Amino acid sequence: MENKIRLRFAPSPTGFLHIGSLRTVLFSYIIAKKLKGKLILRIEDTDQKREVRGATESLVKILDWVGLEFDEGPHIGGNFGPYIQTERLDIYNKNIEKLLKEKRVYRCFCSFERLQDMREKQQAEKLPPRYDRTCRDLSDEEINKKIKNDEKFVIRQAMPLSGETVALDEIRGKIKFKNAELDDHVLIKSNGIPTYQFASVVDDHIMEISHVTRAEEWIPSFPKNILLYQAFGWKAPKFIHYPFIANKEGGKLSKRQGDVAVEDFRDKGYLPEALINFCGLLGWHPKDDNEILSLDEIIAKFELGDMGAKPAIFDIEKLGYFNGYYIRHKPIDDLVKLCRPYLEENIELTKNQKKKEDEFIKKVVAIEQERLKKISDITEATKFFFVDDLNYEKDILAWRKMSAKEAQVNLSIVYKLLEKIPEENWTNDSIEDGLMTYLQAKELRVGEYLWPMRVALCGQKASPGPFDIAEILGKSETMKRIEKSINLN
RNA sequence: GGUCCCAUCGUCUAAUGGUUAGGACACCAGGUUUUCAUCCUGGUAAUCGGGGUUCGAUCCCCCGUGGGAUCACCA
């Protein structure tokens with residue numbers, strides 16, 4: 001009867017959004033939209049030790065920045081709340097009670113020390129570490145006695161001892177597991193709070209989730225989850241396990257080797273559209289080979305069957321390409337807004353109020369637009385505009401085989417030519433015109449004049465063109481810089 | 001170690017029995033150009049190995065090999 005499509009993103013509130021999790025929400029969002037269903041945000045905070053204050057708020061904030069919206073969640077409500085697991089404890093209690101009565105689960109009074117000991121021995125014997133089921137067949141009498149004695153206990157799932165469980169993954173197909181290999185894992189901790197394994201199954205069922213989407217690391221517990229649905233007599237939803245995202249070495253993407261938090265990428269000046277385009281191509285590919293795609297275009301072209309099972313490596317070079325592409329295609333006014341915060345510090349440094357003017361900033365940003373890989377690059381790239389006194393080696397004034405001396409001679413010619421251009425006519429075009437007509441008439445090599453001029457204005461080997469820089473700098477500053485280069489020794 | 005997942009250019013991937021094995025990033029070369037960048041053109045580069053099935057395997061099956069995940073009162 002149930003035709004409703006409902007997916008959920010269920011992060012634990014540990015402080016930031018991992019780039020791998022972004023891929024997870026993204027695909028879930030895409031699938032939900034593609035199937036005209038809903039996407040729910042659920043906070044899995046059953047591990048209080050790891051919980052970070054304010055994490056839910058920052059999660060919502062960064063997801064909002066990326067442009068992914070939810071249909072239900074703790075921040076917007078919905079008909080299946082509450083959406084935070086620690087607010088649902090009575091629901092879990094009620095449900096575990098059912099299973100306890102039917103003996104599908106059992107209380108385990110084993111001490112932490114005993115379990116630890118047991119595991120060490122198993123490992124020494126090269127056996128898979130697994131609970132030895134000491135408490136599985138305790139009599140009701142024994143159990144009641146221990147409870148009366150106030151002994152602490154956890155509740156474990158009683159796995160079938162033989163046979164096999166077949167789990168169906170939507171992208172990998174059937175996966176078979178021998179039941180004898182399954183551990184009687186913990187469902188309710190001794191503090192009464194459920195583990196992920198119990199809470200997520202109960203919630204997914206009650207919240208009517210149609211497609212459980214999660215990372216591939218959950219495959220080992222997949223059969224246990226299926227068995228739990230069976231124990232409850234519930235119909236299991238569809239499962240989609242997304243392949244991993246690894247680092248360059250093929251290992252886990254972790255904080256150690258650079259940025260993994262979406263917040264970090266945002267702060268460095270990566271655009272949401274680049275992040276989405278890039279992550280969307282991790283495990284999926286459009287039929288027509290056109291890789292530049294907006295979220296809506298991905299949704300339009302996406303087919304669940306197209307998803308691959310191969311783990312992908314996070315290639316920041318390609319992310320950089322997408323980011324550069326989207327920066328180049330940004331309307332200039334939007335780009336200025338994005339660059340401004342990064343630029344602001346820089347300008348503060350020079351205390352040059354005139355350079356804070358909107359028109360000036362806009363020109364500076366426009367001239368660097370095609371060079372930016374990320375927004376934060378704007379600071380370094382445009383530093384020379386805001387510095388009062390340029391610092392560079394005289395030698396770099398020389399183009400190709402010419403000497404610095406020759407370059408300085410040419411610069412004095414450039415100086416004289418520029419001097420003739422009236423201040424009110426100081427534009428990119430007229431500067432170019434003033435110089436080029438002279439150089440061409442005399443059949444001089446343009447590089448021998450324009451390279452030194454450019455270096456004199458920016459103090460760097462690589463930069464935008466000299467006419468652009470000169471216009472932005474203004475006539476007096478341009479003349480000042482060229483004069484300085486001529487007198488350099 | 002047990003169990004499970006995965007395997008096409010360096011990377012992301014397309015081609016699911018018949019293709020000169022395609023595209024993108026990166027790289028290299030050329031063009032535009034005063035440098036860088038952009039842009040345009042071109043190029044190098046891949047089916048892990050061995051067996052089957054088949055007229056024919058990147059594709060299906062098996063066995064290796066390699067990589068990864070997991071084996072908590074963490075998620």
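Domain bounds, as I use them here, come from an automatic or database domain assignment. The model I examined is a predicted one.

**Entry 1: domains.** I looked up how chain A is divided. The assignment gives domain 1 (88-242), domain 2 (257-328) and domain 3 (332-487). I then took the C-alpha centres of domain 1 and domain 2, which lie 36 Å apart. Their contact takes four residues from domain 1 and four residues from domain 2. On the side of domain 1 that touches domain 2, I noted two nonpolar residues, two charged residues and no polar ones.

**Entry 2: a sheet.** I next traced an open sheet of three strands, ordered β3-β4-β7, with antiparallel pairing. β3 (105-108) and β7 (186-188) are the edge strands; each has a single partner strand, so one side of each lacks a neighbour in the sheet. Neighbouring strands are turned by 45° against each other on average, direction ignored. I followed β4 (residues 154-157) to β7 and found two bridges joining these antiparallel strands. Arg156 is placed opposite Val186 in β7.

**Entry 3: RNA strand B.** Which residues are closest to RNA strand B? I recorded Glu44, Asp47, Ser190, His285 and Gly465 as the closest among the 66 residues that surround the strand. I listed the elements that each supply at least two residues of this surface, including α4 (112-124), β6 (173-178), α11 (316-328) and α19 (466-473). The largest share, four residues, comes from α18, which spans 447-458. By class, I noted 26 nonpolar, 14 polar and 26 charged residues on the surface near RNA strand B.

Terms used. Residues numbered from 1 in each chain as written. Chains lettered and ligands numbered in written order. Predicted model: local features only at pLDDT ≥ 70, side-chain atom pairs only at ≥ 80, totals over all residues. Pairing = 2+ DSSP bridges. Axes fitted to C-alpha atoms, helices over the stretch in contact; angles between N-to-C directions. Contact = placed C-beta atoms within 7 Å. Nonpolar A, V, L, I, M, F, W, Y, C, P; charged D, E, K, R; others polar. Near = placed C-beta within 6 Å.
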